[in-house]
Amino acid sequence: IGASEFSERIHANQWWHWFYLSNWASPFGHTVPGMAHFWSVAVEEQFYLVWPFVVFFVPKRRLAMVCGAVLIATPLIRWGIRMSDLPPSAAYQFTIARWDALACGALLAIVLQEPKGQKFLDLNVRRITIATAGVLGIVTALRHGLQENDLWVQVVAQTCFFLLSAAVVFSAQDVRAQSTSRLNRVLSSHLLTFFGKYSYAIYLFHFPIHTALGEYVGGWVNEGQAIAILMKFTGYVLSVLALSVLGAMISWRLIEKPMLSLKDRLAPREGEQRESRSPSQIAAVA
């Protein structure tokens, strides 16, 4: 797009991003070029704003039940959105359509604080992994992929994907205790820890870089024979990745690391945290 149109869209839609509400506006076309992926950041920030109040007011023994109820209800909410006159992407980006993803993480954090919950997952994580992976495989085969605005993907596959992700996270933290296991060595590899350190900023930077770079070389990448296009596309992807990593490293040094250092001043010490926090409060932070 031209510079004038780019400027107009920034002025018209910037406030949705400043207030972390872009996920409610993006399905209706109110977004800034290169920042369409910020809808997920908006969902995350809204969760951080609301969830501590839920943890504070809901009794600890019922918090897991709330997460379970939300987990069950959210696919029905997505189905209801799809049956309405709203854009299909609303069932993908609205906060109420992402509650099950948030509930999976919160529920896992809560269950891990209870010995019975830990034992339940130890016994059933393999079954959960196989079942959810199987459903995802069936939906992928029947729908020829996992398109974000496909009805079956939104209503069925998304929740299965979130459950599978929670099972993988549980398995990963369980394996970390086994320092000699092969999977532990893989999870602790320098490559994974490097990208884990910079992953958030890489996510933020990659799409603006792709949008800007695509304006200049997108046409060239798609010209020529199939092999030439494949080679140029590979180079393009690697270039976007390299620039994103570079931007993330600069961001870490100038912004994230100085901000994280403030935790030592603002947060209680580790011993004080353990004494003052209940399991439900720990789950809220997790």
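Q: What share of the 286 residues of the chain counts as buried?
A: This is a predicted model, in which local features need pLDDT of at least 70 and side-chain atom pairs count only at pLDDT 80 or more, while totals for chains, interfaces and linings use all residues. Residues are numbered from 1 along each chain as its sequence is written, and side-chain values use heavy atoms, with hydrogens and water left out. A residue is buried under 20% relative accessible area, exposed over 50% and partly exposed in between (1.4 Å probe, protein chains only). Among the 286 residues of the chain, the buried share is 31%.

Q: How many helices does the chain have?
A: Helices (H or I, at least four residues) and strands (E, at least two) are DSSP runs numbered from the N terminus. Read from the N terminus on, the elements of the chain are α throughout. The number of strands is zero, and that of helices is 14.

Q: What percentage of the contacts in the chain with a separation of 6 or more comes from residues 24 or more positions apart?
A: A contact requires heavy atoms within 4.5 Å. When the contacts with a separation of 6 or more are taken as the whole, the part contributed by residues 24 or more positions apart is 62%.

Q: Which element gives the largest share of the largest nonpolar core?
A: A nonpolar core joins buried Ala, Val, Leu, Ile, Met, Phe, Trp, Tyr and Cys residues through side-chain atoms within 4.5 Å, and the largest one here has ten residues, including Leu71, Cys104, Val125 and Phe162. Two or more of its residues come from each of α6, α7 (115-143) and α8. The largest share, four residues, belongs to α8. Apart from this core lies another, of eight residues, with Phe47, Cys67, Ala103 and Ala106 among them, but the element asked about remains α8.

Q: Which residues does Leu108 touch, not counting residues up to four places away in sequence?
A: Leu108 is one of the ten residues of the largest nonpolar core, as are Leu121, Ala166 and Phe170. With residues up to four places away in sequence set aside, the list of residues that Leu108 touches is Leu121, Ala166, Val169 and Phe170.

Q: Is Ser89 buried or exposed?
A: Ser89 sits in the loop between α4 (60-83) and α5 (90-93), where it touches Pro27 and Asn149 once residues up to four places away in sequence are left out. Because its relative accessibility is 14%, Ser89 counts as buried.

Q: What is the relative accessible area of His144, which has a positive phi of about 55° although it is not a glycine?
A: Most residues other than glycine have a negative phi. Tyr20, in the loop between α1 (3-18) and α2 (22-25), also has a positive phi of about 55° and is partly exposed, with a relative accessible area of 39%. His144 has its place in the loop between α7 and α8. His144 is exposed, with a relative accessible area of 71%.

Q: What distance separates the C-alpha atoms of Val70 and Leu102?
A: Val70 lies in helix α4 and is partly exposed, with a relative accessible area of 24%. Leaving aside neighbours within four places in sequence, Val70 is in contact with Trp99, Asp100 and Ala103. Although Val70 and Leu102 are 32 residues apart along the chain, their C-alpha atoms are separated by 9.2 Å.
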